[in-house]
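Got the model open in your viewer? Here is a walk through it, one selection at a time.

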Amino acid sequence: MSDIGEYSFNLVFSALCPNCNELRPVKGSDKCPICSALLDVNTVAAIRKSIHKRRQAFKVRLSRLTQRMHEVTDGPLEFKSQGMPLKPEDHFTNVIVPAKQALLSLDEDVARIVNSQDWNPDQPNCIKAFTKLIRLLDDALAAVTALQETMPPLDWRAVHRELTRATASSVRGHIFMTLTISALDADEVTKVQTNGTLAFADAKEHIKRANGIVELAMRLPADGPFQADGSLDIASLTWSSIGNKSIPITRGAEIVRKAFSQIIGVSTLPDEQAVMLLPTLALGARAIDHTMVVELATSLREILDSPENT
Ligand SMILES: [Zn+2]
């Protein structure tokens with residue numbers, strides 16, 4: 001799973017400079033952008049022709065897909081929080097497990113199609129492969145929406161959301177990568193592939209979190225103080241580790257600084273300000289959503305920073 005997005009498009013956007021003896025991107029001029037030597041005329045013409053043909057064949061459909069990608073995956077994602085959820089066992093079997101499997105299969109299927117093609121629309125099976133790729137990505141976007149519209153039981157809410165976020169980011173990554181096919185030049189390739197890599201990194205982060213929560217939930221008794229969420233883990237563990245007794249302010253401040261260490265500035269908050277975030281941490285135990293807890297803490301931090309509090 002950690003190998004998500006590990007494929008590359010077999011497409012040429014650069015030519016060998018006879019002077020530098022290095023591959024150089026083919027841009028507006030026919031010259032090497034570094035040393036200005038003339039690149040091979042035939043190679044440059046062939047590259048431009050391929051790019052033009054691909055854009056003619058694929059650009060419109062890819063633009064439509066990209067637009068849908070933005071509509072569905074530009075965060076923060078919203079989730080259904082009302083309605084009748086499935087029973088926890090059923091939700092795990094019928095929603096969580098298939099969603100994880102779909103994430104894996106999507107990566108494998110996209111990689112297989114990408115590796116099988118050099119995306120020359122004149123080749124007989126190229127259009128077929130392209131159509132299949134687009135359908136896969138379209139369906140994956142629909143799956144994100146379906147997950148958002150599914151009400152999870154409390155036990156699986158955090159995992160459900162993390163998996164949905166992982167799926168959204170993964171599809172986003174694949175779509176950005178696919179834009180390589182209709183890229184105008186090497187610069188555009190760098191741009192879309194950087195966006196793709198960022199989205200894949202985000203997907204991996206959410207998968208890691210989802211897996212961590214599942215592991216925690218499996219390890220702990222269902223009737224224990226722990227819900228299926230990392231932040232509750234911190235709050236409950238801390239509470240039980242101090243024997244459910246009151247603690248000194250300095251210790252409370254330490255807990256907050258550690259729990260919210262990813263928020264800029266929290267690690268250096270003075271004790272009296274840090275303890276003001278404790279209620280948020282406890283609230284996080286009920287919200288059971290890591291991202292939401294961090295968002296809450298971030299907004300509280302802004303209040304703490306306002307002039308009347310300094
Ligand atoms: Zn050169």
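Start with helices H1 and H3, which cross in a left-handed way. This is a predicted model, so take each stop on the tour as a description of a prediction. The axes of H1 and H3 are 10 Å apart, and the two helices pack at an angle of about 15°. That angle falls under the 35 degrees used as the cut-off, so H1 and H3 count as roughly parallel to each other.

Now show side chains along this contact. On H1, pick Phe58, Arg61, Leu65, Arg68, Met69, Val72 and Thr73. On H3, their counterparts are Phe130, Ile134, Leu137, Asp138, Leu141, Val144 and Thr145. Colour them by class and the contact of H1 with H3 splits into 9 nonpolar, 2 polar and 3 charged residues.

**Next: H1 against H4**

Keep H1 on screen and add H4. How do H1 and H4 run relative to each other, parallel or antiparallel? Their axes come within 10 Å and cross at roughly 155°, an angle over the 145 degrees that sets the limit, so H1 and H4 are roughly antiparallel to each other. Once again you have a left-handed crossing, this time of H1 and H4.

From H1, select Leu62, Leu65, Thr66, Met69, Val72 and Thr73. From H4, add Ala168, Val171, Arg172, Ile175 and Thr178. By class, the contact of H1 with H4 comes out as 7 nonpolar, 3 polar and 1 charged residues. Leave Leu65, Met69, Val72 and Thr73 highlighted for a moment: these H1 residues take part in the contact with H3 and also in the contact with H4.

**Then: H2 against H3**

Hide H1 and H4, and bring up H2 (residues 88–115) with H3 (residues 126–148). The angle between H2 and H3 is about 160°, and their axes sit 10 Å apart. H2 and H3 are therefore roughly antiparallel to each other, and H2 passes H3 in a left-handed crossing.

On the H2 side, click Ala99, Ala102, Leu106, Asp109, Val110 and Ile113. They meet Ala129, Lys132, Leu133, Leu136, Ala140, Ala143 and Leu147 on H3. The contact of H2 with H3 has 11 nonpolar, no polar and 2 charged residues.

While H2 and H3 are up, select Trp119, in the loop between them. Trp119 has a positive phi near 55°, though it is a residue other than glycine. Is Trp119 buried or exposed? Trp119 counts as buried because 20 other C-beta atoms lie within 10 Å.

**Into the core**

Time to bring the helices back and look at the nonpolar core. In soluble globular proteins, nonpolar side chains tend to be buried together. Here, the largest nonpolar core has 49 residues, and those with the most contacts inside it are Ala140, Val144, Val159, Val171 and Ala210. H1 (41–73), H2, H3, H4 (157–178) and H5 (186–219) each supply at least two residues of this core. H4 gives the largest share, with 9 residues. There is also a second, separate core of 9 residues, including Ala253, Val256, Leu269 and Ala274.

Some of these you have met already: Ala140 turned up in the contact of H2 with H3, Val144 in that of H1 with H3, and Val171 in that of H1 with H4.

**A stop on H5**

Select His206, which lies in helix H5. His206 is buried, with 22 other C-beta atoms within 10 Å. Which residues is His206 in contact with, leaving aside its neighbours within four places in sequence? They are Glu162, Arg165, Ala166 and Ser169. Try a distance label on the C-alpha atoms of His206 and Ser169: they are separated by 8.8 Å, with the two positions 37 residues apart along the chain.

**Back to the strands**

Now jump to Asn21, in the loop between strand S1 (14–16) and strand S2 (23–25). Asn21 is not a glycine, yet its phi is positive, at about 60°. Asn21 counts as exposed because it has 7 C-beta neighbours inside 10 Å.

**Zoom out**

Finish with the whole protein in cartoon view: 10 helices and 2 strands. Follow the chain along the sequence and the pattern reads β-β-α-α-α-α-α-α-α-α-α-α. Of the 310 residues in the protein, 33% are buried. Among contacts between residues at least 6 apart in sequence, 64% join residues at least 24 apart.

Conventions. Residues are numbered from 1 along each chain as its sequence is written. This is a predicted model: local features need pLDDT of at least 70, side-chain atom pairs count only at pLDDT 80 or more; totals for chains, interfaces and linings use all residues. Axes are lines fitted to C-alpha atoms, for helices over the stretch in contact, and angles run from 0 to 180 degrees between N-to-C directions. Helices (H or I, at least four residues) and strands (E, at least two) are DSSP runs, numbered from the N terminus. Angles under 35 degrees count as roughly parallel, over 145 as roughly antiparallel, 65 to 115 as roughly perpendicular and the rest as oblique. A crossing is left-handed if the near helix is turned anticlockwise from the far one by less than a right angle, and right-handed if clockwise. Two residues are in contact if their C-beta atoms, placed from the backbone, lie within 7 Å. Ala, Val, Leu, Ile, Met, Phe, Trp, Tyr, Cys and Pro count as nonpolar, Asp, Glu, Lys and Arg as charged, and the others, Gly among them, as polar. A nonpolar core is a set of buried Ala, Val, Leu, Ile, Met, Phe, Trp, Tyr and Cys residues joined through C-beta atoms within 7 Å. A residue is buried if 20 or more other C-beta atoms lie within 10 Å of its own, exposed if 12 or fewer, and partly exposed in between; C-beta atoms are placed from the backbone.
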